[in-house]
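Subject: Structure handover

Hello,

Here is the structure I said I would pass on. My notes follow below it.

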Amino acid sequence: MKNESQTLPPPLDAEHAKSMTTEALLTYLACDAKGLSTADVQSRLSFYGLNTIQEKHRSLLLKFLSYFWGPIAWMIEIAAVLSAFAHNTDDLVIILILLFFNAIVGFWQEYQAGNAIEQLKKNLALKARVLRDGQWREVDAAQLAPGDKVKIRLGDVVPADIVLWEGDYLTIDQSALTGESLPVDKHIGELIYSSSIAKQGEMLGLVTSTGANTYFGKTAKLVGSAETVSHFKKAVINIGDYLILMSLVLVVILVLVGLERQLPIMELVQFALILTVASIPVALPAVLSVTMAVGAIKLAKLKAIVSRLEAIEELAGMDILCSDKTGTLTQNKLTLGEPVMFTGTDKQAIILAAALASDSENPDAIDGAILQQLNNDQALKPYQQSHFVPFDPVQKRTEASIKSDQGQTFKVSKGATQVILDLCSPDAEIRNHADQVVNEFALKGYRALGVAKTDAGGRWLFLGVLPLFDPPREDAAQTIKEAKQHGIDIKMVTGDNIAIAKQIAGELGLGQNILLAEQLIKAKDQEDIIHQVAQCAERADGFAQVFPEHKYWLVKDLQANKHLVGMTGDGVNDAPALKQADVGIAVSGATDAARAAADLVLTGTGLSVIINAIEEARRIFERMNAYAIYRITETIRIMLFMVSAILIYNFYPITAVMIILLALLNDLPILTIAKDNTWLSPTPVRWEMRKVLTLATVLGVLGVTETFLLLIIAKNHFHVGLDQLQTIIFLKLAVSGHLTLFVARTRNCFLFQPFPNPLLLFAIISTQIVAACIAGFGWFVTSISWEYVGLIWAYCLFWVFVEDFMKLRVYRQLDCKTVKHSRFLGMLNRSLHSHFR
């Protein structure tokens with residue numbers, strides 16, 4: 001194998017490959033028209049490498065060490081150095097534990113999140129059809145090697161640089177690589193580039209270059225393109241900035257007051273550093289990443305794979321879903337309805353005649369629907385087709401010559417009803433009746449198929465009309481009902497005519513306000529009515545006679561009214577609409593081009609898969625929302641209390657070691673919030689900063705009040721010494737912090753459903769036991785009596801009910817204001833609409 005690899009030629013670049021003939025390429029690449037063998041491929045892959053653009057991966061050691069570098073890590077390290085200079089061994093040990101804890105947690109969460117995304121990406125890997133060992137097979141595009149013979153057809157993303165070898169033509173969209181606005185036609189002997197998209201045709205080709213040696217690989221930028229940060233991620237980052245700013249302002253006040261009171265400089269600086277570190281949301285990036293990653297894995301199990309984590313937030317907030325009719329709302333399977341019989345025939349006779357006029361060996365969709373309705377599998381056995389004329393667009397019918405076991409010969413035909421009527425030349429009464437039946441079927445959205453048979457004299461007899469339709473999926477109507485209950489407006493998108501669209505919409509409970517897509521698209525260029533056009537699209541129940549290029553403009557019209565829009569698609573031409581949509585959804589069986597453009601790739605069929613994904617996305621959002629409220633509350637509670645207590649009483653209410661222990665105890669359970677049970681919002685969720693900050697501020701100030709009250713009781717009524725007072729405050733902050741998490745994680749009473757996930761509950765109980773042991777046994781702190789431990793627990797349990805009551809009051813007030821605001825906007829919208837109308 002080694003010697004064989006050494007004889008392979010160096011990689012070809014695009015310019016060199018263009019200038020060579022097919023014969024010269026075959027000679028250069030040491031291959032032939034039969035393709036490569038598996039052994040050849042393995043040899044070439046080891047020589048040329050995989051057909052991928054290699055990403056630069058940092059070593060795991062460097063990744064881990066990077067967590068000891070940065071502003072937060074520096075503050076912890078300075079605090080450790082100061083403790084070492086002051087010979088405070090206990091402080092030094094705890095500070096080092098915090099430093100390594102932050103590094104290990106951050107590294108592990110990033111590693112887990114990265115692994116999750118890599119696994120999901122593997123499920124979305126591009127495929128290629130290649131001739132190997134004399135047989136056509138489908139392989140991962142990464143396994144292609146120079147010299148492979150491949151097949152490229154409509155919808156494929158070209159997997160490598162390929163010289164076309166055999167076939168009529170291929171139309172390629174290479175705009176992303178060359179800037180050409182229109183697709184270009186390619187013929188035998190021409191080169192097509194990796195990552196371009198096949199728009200029409202089908203051809204065979206020879207792989208000339210792979211991976212970094214392709215035109216795409218050589219011109220790709222070395223740095224990744226900037227990604228759009230989602231609204232949710234921006235909000236969480238803004239929260240982090242807000243907490244850091246607030247912490248630094250309070251610490252500056254603390255330092256200035258301490259200097260004025262001539263407190264020891266080393267002790268003051270160390271305390272300030274540790275207080276800042278404890279207040280800054282160190283776990284914020286880790287919690288964000290792991291919650292999204294865990295959610296993405298759950299979504300994949302629900303047959304919905306996200307191509308980027310940020311799409312989860314848009315999915316949670318999506319309020320309009322434009323769904324393809326065929327295959328998503330319907331079964332994409334033609335079904336035979338109840339036949340209408342003429343000339344005294346019966347139901348099975350007309351179905352048998354239609355079946356005899358079908359190609360039973362290679363049935364198309366219509367043939368398959370008819371053959372399935374035969375009363376038994378042996379119905380065709382007594383008959384033989386001596387001649388069969390397939391359907392064509394000119395004749396618009398099929399015809400078969402039949403011979404029975406009894407020696408009878410006759411002909412049967414099926415096709416467009418008018419064509420079959422012309423074939424039979426019936427009297428006016430039969431023709432008028434048939435026309436009436438066809439029109440009735442058309443109003444229901446059914447296709448009508450005429451069936452005829454010759455009699456003993458060879459005269460054609462009109463047997464009747466067969467209705468054909470694509471029935472709705474069994475779960476579609478119920479799923480649409482559930483979607484409406486979730487606040488999602490489903491709009492059907494179909495290429496069928498308006499009659500079929502209305503019939504299906506009626507069966508699914510969608511409504512009858514179906515608009516022709518072309519009318520909306522034509523109106524988009526008229527500036528004076530563009531607002532009304534957007535409102536018409538918003539109020540529509542669906543769109544008929546939609547071409548793929550219409551979908552892009554439909555999404556734009558709906559987005560004009562501030563909606564988050566989801567759009568399903570499966571073809572090459574759907575890619576622009578999937579890109580434009582807030583959530584582009586590639587349905588099961590979509591082309592590579594559609595999958596590459598989509599945010600969500602479905603591996604299961606039906607609307608229920610999308611609704612399940614939306615529900616899970618909302619749960620993920622609620623977990624993040626709960627964490628944000630909890631984190632802001634705790635920062636306000638600890639920072640405001642600490643600084644206020646020092647200003648008022650001129651002593652540290654808790655020590656630096658206690659602050660570090662609080663940070664450790666608080667962050668450990670939080671990392672399990674990614675798997676917590678949470679309530680399902682009945683409406684699309686958006687980031688409402690006003691609600692979050694208001695609730696967090698109320699809970700934070702309430703927490704400061706209850707902590708001050710405990711300090712006053714312990715100091716003035718129990719006359720506890722400073723060391724024990726600090727331990728009491730430490731235990732109170734540890735207990736009340738996790739109880740606040742129970743309050744923040746649900747909008748209902750915290751005692752009601754949804755109950756906490758067992759993993760989160762176990763983590764919180766475990767850390768509370770550790771906190772109680774630290775206070776009771778005096779680990780790193782001055783011990784207090786177990787009676788005090790019990791009283792502190794009782795005190796915190798009382799206040800958690802007060803906090804929960806205040807939370808419910810705040811939500812009620814904020815929701816009332818939101819409802820009033822929505823009603824006002826609705827009235828304003830209606831008045832404007834009536835004015836313009």
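In which sense do strand E17 and strand E19 pair, and over how many bridges? The model is predicted, and in it strand E17 (residues 489-493) and strand E19 (residues 542-544) run in the parallel sense, with two bridges between them. Met492 has Gly542 of E19 as its bridge partner.

Both strands belong to an open sheet of eight strands, in the order E8-E22-E21-E20-E9-E17-E19-E18. The pairing in this sheet is mixed. Its edges are strand E8 (304-306) and strand E18 (514-516), each of which pairs on one side only. On average, neighbouring strands of the sheet are turned by 20° against each other, with direction ignored.

Next, the chain as a whole. DSSP runs give 31 helices and 22 strands. The chain has 837 residues, and 51% of them count as buried. Among contacts with a separation of 6 or more, 71% are between residues 24 or more positions apart. The exposed area of the chain is about 39000 Å², and carbon and sulfur atoms supply 58% of that.

Strand E4 has several partners. With strand E7 (residues 197-209), strand E4 (residues 161-173) shares ten bridges, and the two run antiparallel. Within this pair, Ile172 stands opposite Ala198 of E7. Strand E5 (residues 184-186) is also antiparallel to E4, joined to E4 by three bridges; here Leu170 stands opposite Lys186. Strand E6 (residues 191-192) pairs with E4 over two bridges, again in the antiparallel sense, and Leu191 of E6 is the bridge partner of Val163. As a general point for reading these pairs, side chains in a regular strand alternate between the two faces of the sheet.

On the surface there is a nonpolar patch made of Leu245, Val249, Ile253, Leu647 and Ile648. Together these residues have about 440 Å² of accessible area. Helix H10 (231-260) and helix H26 (607-649) each supply at least two residues of the patch. H10 gives the most, with three residues. One of the patch residues, Ile253, has its place in helix H10. Ile253 has a relative accessible area of 35%, so it is classed as partly exposed: the value falls between the 20% limit for buried and the 50% limit for exposed.

Two residues other than glycine have a positive phi and may be worth a look in the viewer. Gln262 has a phi near 60°. Gln262 sits in the loop between H10 and helix H11 (265-279). Its relative accessibility is 72%, over the 50% cut-off, and Gln262 therefore counts as exposed.

The other is His719, with a phi of about 50°. The loop that holds His719 runs between helix H28 (689-717) and helix H29 (722-744). Is His719 buried or exposed? His719 is exposed, because its relative accessible area of 61% is also over 50%.

Regards

How values were computed:
Residues are numbered from 1 along each chain as its sequence is written. This is a predicted model: local features need pLDDT of at least 70, side-chain atom pairs count only at pLDDT 80 or more; totals for chains, interfaces and linings use all residues. Side-chain values use heavy atoms; hydrogens and water are left out. Two strands pair if DSSP finds at least two bridges between them. Helices (H or I, at least four residues) and strands (E, at least two) are DSSP runs, numbered from the N terminus. Buried means under 20% relative accessible area, exposed over 50%, partly exposed in between (1.4 Å probe, protein chains only). Contact means heavy atoms within 4.5 Å. Accessible areas come from the Shrake-Rupley method with a 1.4 Å probe; for residues, only the protein chains shown count as cover. Axes are lines fitted to C-alpha atoms, for helices over the stretch in contact, and angles run from 0 to 180 degrees between N-to-C directions. Patches are made of residues with over 30% relative accessible area and no salt bridge: like charges are joined within 9 Å, nonpolar side chains (Val, Leu, Ile, Met, Phe, Trp, Tyr) within 5 Å. A salt bridge is a side-chain nitrogen of Lys or Arg within 4 Å of a carboxyl oxygen of Asp or Glu.
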